[in-house]
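Got your viewer open? Let's take a short walk around this one, stop by stop, selecting as we go.

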Amino acid sequence: GKIVMSTDIKELRNQMRSATLGSAVFKKEVIEFNDFEFEVRELSAGAKEKVRKLAGIKIDKDGNIELDQSRYTANAIVASVFIPGTDQKVFDVTDIEAICNAPESGFYGVLGKAVMKMVNGDEDKAEGNSETPDES
């Protein structure tokens, strides 16, 4: 049911804003790779849009717009991979080309898969916890 905390409309508005805007909890997942732990964090809607813009677009012969998936994934990795428990990103924009050119069998595949689960909102696999997955 509905909970009305106050009859004062201004106070009610502030309570509703606090219950939404003030309560953002972003999902995160710790991934192990080569004996290091990497924290993959969910991106905000604004950060996702920035990643899309940084990735650029391709237009195919029929005029359809396509996202450059490798650049998109690389930019998402840069935006969402942190040293666990800190606000320090592991990668920066100067790493984009190296990330794009990395083999999918290495860190690109491992971190990229976790990052894309967060970006695409895969609720079953990217739960809001810091548990290290069993698969290594």
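Start with the second largest pocket, which holds about 180 Å³ of space. Keep in mind as you click around that this is a predicted model.

**Stop 1: the pocket lining.** Select Leu43, Ala47, Lys50, Val51, Leu54, Asn75, Val78, Ala79, Lys89, Phe91, Asp92 and Val93, and you have the lining of the second largest pocket. Two elements give two or more residues to this lining: helix H2 (45–55) and helix H3 (69–80). H2 brings the largest share, with 4 residues. Try colouring the lining by class: you should get 8 nonpolar, 1 polar and 3 charged residues.

**Stop 2: along helix H2.** Stay on H2 and show the side chains of glutamate 49 and arginine 52, which meet in a salt bridge (2.9 Å, N to O). Both sit in helix H2, 3 residues apart, about one turn of the helix. Are they buried or exposed, or something in between? Glutamate 49 has 34% relative accessibility, so it counts as partly exposed, and arginine 52, at 33%, counts as partly exposed too.

**Stop 3: from H3 to H4.** Next, pick arginine 71 and glutamate 97, whose side chains form a salt bridge (2.7 Å, N to O). This pair ties together distant parts of the chain: arginine 71 is in helix H3 and glutamate 97 is in helix H4 (residues 96–100), 26 residues apart. Arginine 71 is partly exposed, at 24% relative accessible area, and glutamate 97 is partly exposed at 45%.

**Stop 4: a small network.** Now select Glu39, Arg41 and Asp87, which are joined into one network by salt bridges that share partners. Zoom in on glutamate 39 and arginine 41: their side chains meet in a salt bridge (2.6 Å, N to O). Buried means under 20% relative accessible area, so glutamate 39 is buried at 5%, and arginine 41 is buried at 18%. In total, the structure holds 5 salt bridges.

**Stop 5: a nonpolar patch.** Switch to a surface view and select Ile57, Ile59, Ile65 and Leu67. They form a nonpolar patch on the surface, with about 410 Å² of accessible area together. Strand S3 (57–59) and strand S4 (65–67) each supply at least two of the patch residues. For a last click, take isoleucine 65, which lies in strand S4. Why does isoleucine 65 count as exposed? Its relative accessibility is 60%, and the cut-off for exposed is over 50%.

Notes:
Residues numbered from 1 in each chain as written. Predicted model: local features only at pLDDT ≥ 70, side-chain atom pairs only at ≥ 80, totals over all residues. Heavy atoms only, no water. 1 Å grid on protein atoms, 1.4 Å probe; cavity = no way out; pocket = protein on both sides within 12 Å on 5 of 7 lines; lining within 4 Å. Points joined across faces, edges and corners; volume = space filled by probe spheres on them. Nonpolar A, V, L, I, M, F, W, Y, C, P; charged D, E, K, R; others polar. Patch = residues over 30% accessible without salt bridge, like charges linked within 9 Å, V, L, I, M, F, W, Y side chains within 5 Å. Areas by Shrake-Rupley, 256 points an atom, 1.4 Å probe, with all protein chains shown as cover. Salt bridge = Lys/Arg side-chain N within 4 Å of Asp/Glu carboxyl O. Buried < 20%, exposed > 50% of the residue type's maximum accessible area, 1.4 Å probe, protein only.
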